[in-house]
Amino acid sequence: MKHIKMLLITALCLSLGLSLTGCRRVHQPPLSRSTFLFNTYITITLYEGGNNAILNQCIRICKDYEEIFSKTLEGSEIYNMNHRSGEQTEFELSDDTASLIATGLKYCEISGGAFDITIEPLSSLWDFTSGSSQVPDGADIAAAAARVDYRNLRLDGNHLTFLSPDTTIDLGSIAKGYIADQMKAYLNQKGITSGYINLGGNVMAVGTRLDGNPWRVGIQDPHQERGVILRTIEVADKSVVSSGTYERNFEQDGILYHHLLDPSTGYPKDVEAAQVTIISDSSLLGDALSTSCLLIGEEAGEELASQFEDVEIQYAE
């Protein structure tokens with residue numbers, strides 16, 4: 001998923017690892033599994049009640065969802081809709097895709113379109129990952145921006161209608177949050193009370209550390225090199241999601257271009273803060289709010305976050 005946000009710092013894994021050193025005295029050592037999915041490395045670590053079968057199923061859950069939500073994986077549900085024939089306008093969605101699109105449309109609406117799940121024409125046009133990135137042609141940007149408008153999607157239950165043949169979908173900004181929530185639900189069902197899920201920096205803390213203390217999550221300093229921690233957050237059974245201009249960017253002619261695109265212009269948004277962190281029960285909520293609150297600005301972002309219970313928002317200039 002090319003547009004999926006990395007969301008949290010590389011140093012976050014280090015911070016989590018440091019906080020766990022006191023837990024290694026238990027009889028059962030922690031079980032951990034890492035793999036490359038969603039165009040990033042993911043890690044699932046279990047500290048109590050886990051086994052290899054549970055870890056394998058966690059990886060299976062991730063792979064299954066990637067095969068549904070990816071915009072680039074041929075044959076995925078999103079890929080098939082984006083590559084539909086000109087005559088096809090209506091689709092019956094799986095429950096997972098319908099649920100995720102419904103959530104996405106909700107945040108498109110409450111953010112006034114600053115967040116838009118039909119950003120695909122722009123997110124695919126801009127290249128922030130190849131190492132040879134450059135600003136696209138202005139005419140191409142304008143043409144792609146003209147195709148972005150979440151109001152061209154109509155969802156009724158599991159029935160999705162495209163109101164424009166030019167509309168395509170990118171769920172990369174919220175898919176990992178949804179997947180993290182589903183994985184946590186599975187672990188809870190299996191009786192896991194201590195562990196964490198790191199989907200390329202999108203972290204879900206499961207329960208607490210074995211000593212009952214909260215997990216310690218390090219947040220990247222947006223103005224320093226990778227691994228430099230701005231602050232540490234203590235959480236128990238919570239999601240921590242950060243979004244910032246440092247995640248994916250490139251410099252051209254002395255100007256920094258980042259991946260947070262403004263649907264109205266097609267160019268990177270001139271954001272007020274360099275980073276926002278959302279602490280919440282739901283990782284999907286954290287994903288949606290982190291992008292929305294950074295794009296709409298600090299005052300509006302804090303107002304938006306205040307509409308939800310048990311949500312904490314932290315900006316970094």
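Buried means under 20% relative accessible area, exposed means over 50%, and partly exposed lies in between. The structure is a predicted model.

**Exercise 1. Helix 7**

Task: Find how many of the 15 residues of helix 7 are buried, and name them.

Solution.
- Step 1. Apply the cut-off of under 20% relative accessible area for buried.
- Step 2. Count: eleven of the 15 residues of helix 7 are buried, and the helix is mostly covered.
- Step 3. List them: A175, K176, G177, Y178, I179, A180, D181, M183, K184, Y186 and L187.

**Exercise 2. The span of helix 7**

Task: Compare the expected span of helix 7 with the distance between its end C-alpha atoms.

Solution.
- Step 1. Helix 7 holds 15 residues, 175-189.
- Step 2. The expected span is 1.5 Å times one less than the number of residues. For helix 7 this gives 21 Å.
- Step 3. The end C-alpha atoms of helix 7 are 21 Å apart, so the model agrees with the expected span.

**Exercise 3. After helix 7**

Task: Locate I192, decide whether I192 is buried or exposed, and give its distance to L46.

Solution.
- Step 1. I192 sits in the loop between helix 7 and strand 6 (194-199).
- Step 2. I192 has a relative accessible area of 2%, so I192 is buried.
- Step 3. In sequence, I192 and L46 are 146 residues apart. In space, their C-alpha atoms are 7.4 Å apart.

**Exercise 4. Salt bridges of helix 2**

Task: Work out which residues the salt bridges of R60 join into one network.

Solution.
- Step 1. Use the cut-off: a side-chain nitrogen of Lys or Arg within 4 Å of a carboxyl oxygen of Asp or Glu. The whole structure has eight salt bridges.
- Step 2. Take D64 and R60. Their side chains form a salt bridge at 3.0 Å, N to O. The two residues are four apart in helix 2 (residues 52-69), so about one helical turn separates them.
- Step 3. Take R60 and E67. Their side chains form a salt bridge at 3.9 Å, N to O.
- Step 4. Check cover. R60 is partly exposed at 36%, D64 at 32% and E67 at 44%.

Now set a further pair beside these.
- Step 5. K71 and D170 form a salt bridge at 3.2 Å, N to O. K71 lies in the loop between helix 2 and helix 3 (77-82), and D170 in the loop between strand 5 (159-162) and helix 7, so the pair ties together parts 99 residues apart in sequence. Both K71 and D170 are buried.
- Step 6. Join the bridges that share partners: R60, D64 and E67 make one network.

**Exercise 5. Positive phi**

Task: Describe the phi, place and exposure of D237 and D310.

Solution.
- Step 1. Recall the background: most residues other than glycine have a negative phi.
- Step 2. D237 is not a glycine, yet its phi is positive, about 55°. D237 lies in the loop between strand 9 (229-235) and strand 10 (239-244). Its relative accessibility is 34%, so D237 counts as partly exposed.
- Step 3. D310 is not a glycine either, and its phi is positive, about 60°. D310 lies in the loop between helix 9 (298-305) and strand 14 (312-316). Its relative accessible area is 52%, so D310 is exposed.

**Exercise 6. A charged patch**

Task: Name the residues of the negative surface patch, then place E272.

Solution.
- Step 1. The patch is formed by D270, E272, E299, E302, E303 and E317.
- Step 2. E272 lies in the loop between strand 12 (255-258) and strand 13 (275-280).
- Step 3. E272 has 53% relative accessibility, so E272 counts as exposed.

Methods: Residues numbered from 1 in each chain as written. Predicted model: local features only at pLDDT ≥ 70, side-chain atom pairs only at ≥ 80, totals over all residues. Heavy atoms only, no water. Patch = residues over 30% accessible without salt bridge, like charges linked within 9 Å, V, L, I, M, F, W, Y side chains within 5 Å. Areas by Shrake-Rupley, 256 points an atom, 1.4 Å probe, with all protein chains shown as cover. Lys, Arg positive; Asp, Glu negative; His and termini not counted. Charge placed at Lys NZ, Arg CZ, Asp CG, Glu CD. Buried < 20%, exposed > 50% of the residue type's maximum accessible area, 1.4 Å probe, protein only.
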